[in-house]
Amino acid sequence: PFVSSCGGNLEGPTGWFASPNFPDNYPNYSDCIWYITVQEYETILLEFREILLEISNGCVYDSISVYDGPSTSSTLLGIMCQNGSFTFQSSSNSLTVAFKSDYSVTAQGFLAQYQAVSPELLSKQEAPLGQSPSDTSFPWTTYPSLPQLSTETAWQCGGTLTQSRGQFTSPNYPQSYPNNAHCTWNIRASGYRTIYLEFSYFLLETTPGCGYDRVSVYDGPSSSYPLLGRICGGQKRTYNSTRNYMTVVFESDSSSTYKGFEAFYSFHDRSLTATSSYCGGNLGGSSGSFSSPNYPNNYNNGANCIWHITVPNGQKVFLTFTDFELESCGSCGCDSVSIYDGRTSSSPLIAKICQNTTSDSYHSTSHYMTVVFRTDGSAVRKGFRAIYSSTVPVYGEAQVECSSDAMRVIIQNSYLDSMGLTGNDLYLNDQYCRPVFSSSHVTFNVPLNSCGTVREDSRGRITYINDVRAFVSSSGEITRQSHMQLRVGCRMQQDTMVQIMYVARERVTGNITGSGNYNVKMAFYTSSNFYYPVTMSPYVVDLNQFLYVQAQLQSSDSNLVIFLDTCVASPSPTDFLTRTYDLIRDGCRKDSSFYSYVSGTSTVAQFRFSAFKFIRSHPSVYLQCRIAVCNAYDNYSRCKQGCQPRKRRDLSSSHEKTTVVLGPIQLRDPTKPDKETLVQAIV
């Protein structure tokens, strides 16, 4: 009536199988696998009517493993070596059972019965383990020679959970879980629903990085999907899926064990709007918002939230934070938000932020963006709220050019035509600032200190912003309802002239940001009063003669100051790395003759140094100076800190830098008559 061979293929609506030699003892070194398959659309109910194996902690000697699928690579439903009877149900029409024994003690083994059932029939029956239900329509066949068996509860290691709410625990809970456990729970919601998971009790072995015993939660139907979190020790967490699947994996090693965990889950209707305060999600549409979990209340420790933003093809994602407050550590090692330029966190990193700021904005290069929020196990804060909008690229339609004094905005007439506008409709934040026209484009020359230009300062990073607007006339009066609003800006950076252009489809119909260097002019002067610049070139000097240098920022922004950070001498105007001599580096004097008159307090920096012997070794010498440009009222800027060795300078707020080259300088030949000299400043 039953099969006692070592493994095989079992088909048909019902059947029995047993360990080799049952009811006699099974042999050592058994390795048997049974593959059970029933009709499509049916599931399998499997009951172990009797189990008598060599018992070991973690079932490391002799064991029975049940897998929810056609192979041992399928989800593990449970592993058993305890004496008793246990029941399992598959989620499909196949189950796999593996029996293994080691080289020593053997026992009677096991006897199991399987039955193909429809989900509807199974849901109506709740029979005690080891007994037939009183309803004779339930398709069990009783094996008459079996004795009445214990109904000891199995320690369930994993399974498939499909009810709208439920709970699961670590094996043996509330007793200690076994060693070498590897349990996987697949939680599956139906339709357009998400899964909420909460650990009501949690106590595992504690290790840095959860390297020994741990629970891992994945945002999908398997462990190959994004990791929502990995926990150990005494941490309790809550998680939200972004789809109708969640996978929970529990693993223990071969040493210490603890009480384990108890978890509750429930299904929830997914919001059809683009606003999400859950931990991660898929966001679409042309605009929307999301926030950290529990916002505006404090977020949880151990969060690992991933938002996947997708806007229509051909558009880009424009992201800003309206509120931002995280625990901040060096290199954002505690809590952080990471922004990726693509559909996954493997895409290029746009920024990793933890500083409490809302002034920066971020954009993608495609219609995908991924945002990852991670927290550690210590302090928590209010979190963040973010807004995204979709954008249309306008490369070739508009551009902005940046200098120290102004922004130059050029908009093609073809772009204005597409919006039903002309150059006569355009103005800046100050409506009296208007463009000039040509046959192909209109041009705004936007001063940095007027026409409604706003300066934003984020940790020393200075950005100038204005808006190109359009209006329509109504009975000869100007209406305040904008027909177009194109945001333009200049973000001042070192050694770059990149351009970023996009058009948003929300209140601001466009954003154009250019970036460039501040313009700093540097020249030699004849004396310490800095009245008369040297006017001839090359500048021929005597050994040990004092040379006077002034650097001046060319900008209309009166709230800036400059600081002389580094000046080095080189025989080449293009190579300041191989053969150099330092006058000052990182604000620290390196040459004993160097003296600073003014630095860090105004738009002018002045200093002197003595013509050094380095000049004698080379026919011409050039100076390269790195100048920091700072907000005059930022007490943490580079300009306020003076001498700062490089390894300490990361603590300061950010600042802008520009590099200027001055020269050449030549040592006077005493055998030749004097002649006038000239300095050429190369900016």
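A residue counts as buried when its relative accessible area is under 20%. The structure in these exercises is a predicted model.

**Exercise 1.** Decide whether phenylalanine 202 is buried or exposed, and classify its ring pair with phenylalanine 199.

Solution.
1. The relative accessibility of phenylalanine 202 is 4%. The cut-off for buried is under 20%, so phenylalanine 202 counts as buried.
2. Phenylalanine 199 has a relative accessible area of 2% and is buried too.
3. The two ring centres lie 5.4 Å apart, with the planes at 90 degrees. Planes over 60 degrees apart count as edge-to-face, so the pair of phenylalanine 199 and phenylalanine 202 is edge-to-face.

**Exercise 2.** Classify the ring pair of tyrosine 525 and phenylalanine 530.

Solution.
1. The centres of these rings are 5.7 Å apart.
2. Their planes meet at 65 degrees, so this pair is edge-to-face.
3. Tyrosine 525 and phenylalanine 530 are both buried.

**Exercise 3.** Find which strands stand at the edges of the sheet with the order 20-22-27-24-25.

Solution.
1. This open sheet has 5 strands, and its pairing is mixed.
2. Strand 20 (281–283) and strand 25 (349–353) each have a single partner strand, so each has one side without a neighbour in the sheet; these are the edge strands.
3. Strand 25 runs antiparallel to strand 24 (residues 336–340), joined to it by 4 bridges. Within this pair of strands, isoleucine 353 of strand 25 stands opposite valine 337.

**Exercise 4.** State which residue's charged end sits over the ring of phenylalanine 546.

Solution.
1. The charged end belongs to arginine 608.
2. Its distance from the ring centre is 4.2 Å.

How values were computed: Residues numbered from 1 in each chain as written. Predicted model: local features only at pLDDT ≥ 70, side-chain atom pairs only at ≥ 80, totals over all residues. Heavy atoms only, no water. Pairing = 2+ DSSP bridges. Helix = DSSP H or I, 4+ residues; strand = E, 2+ residues; numbered from the N terminus. Phe/Tyr/Trp six-rings, centres within 6.5 Å; stacked < 30°, edge-to-face > 60°. Buried < 20%, exposed > 50% of the residue type's maximum accessible area, 1.4 Å probe, protein only. Lys NZ or Arg CZ within 6 Å of the ring centre and 35° of its normal.
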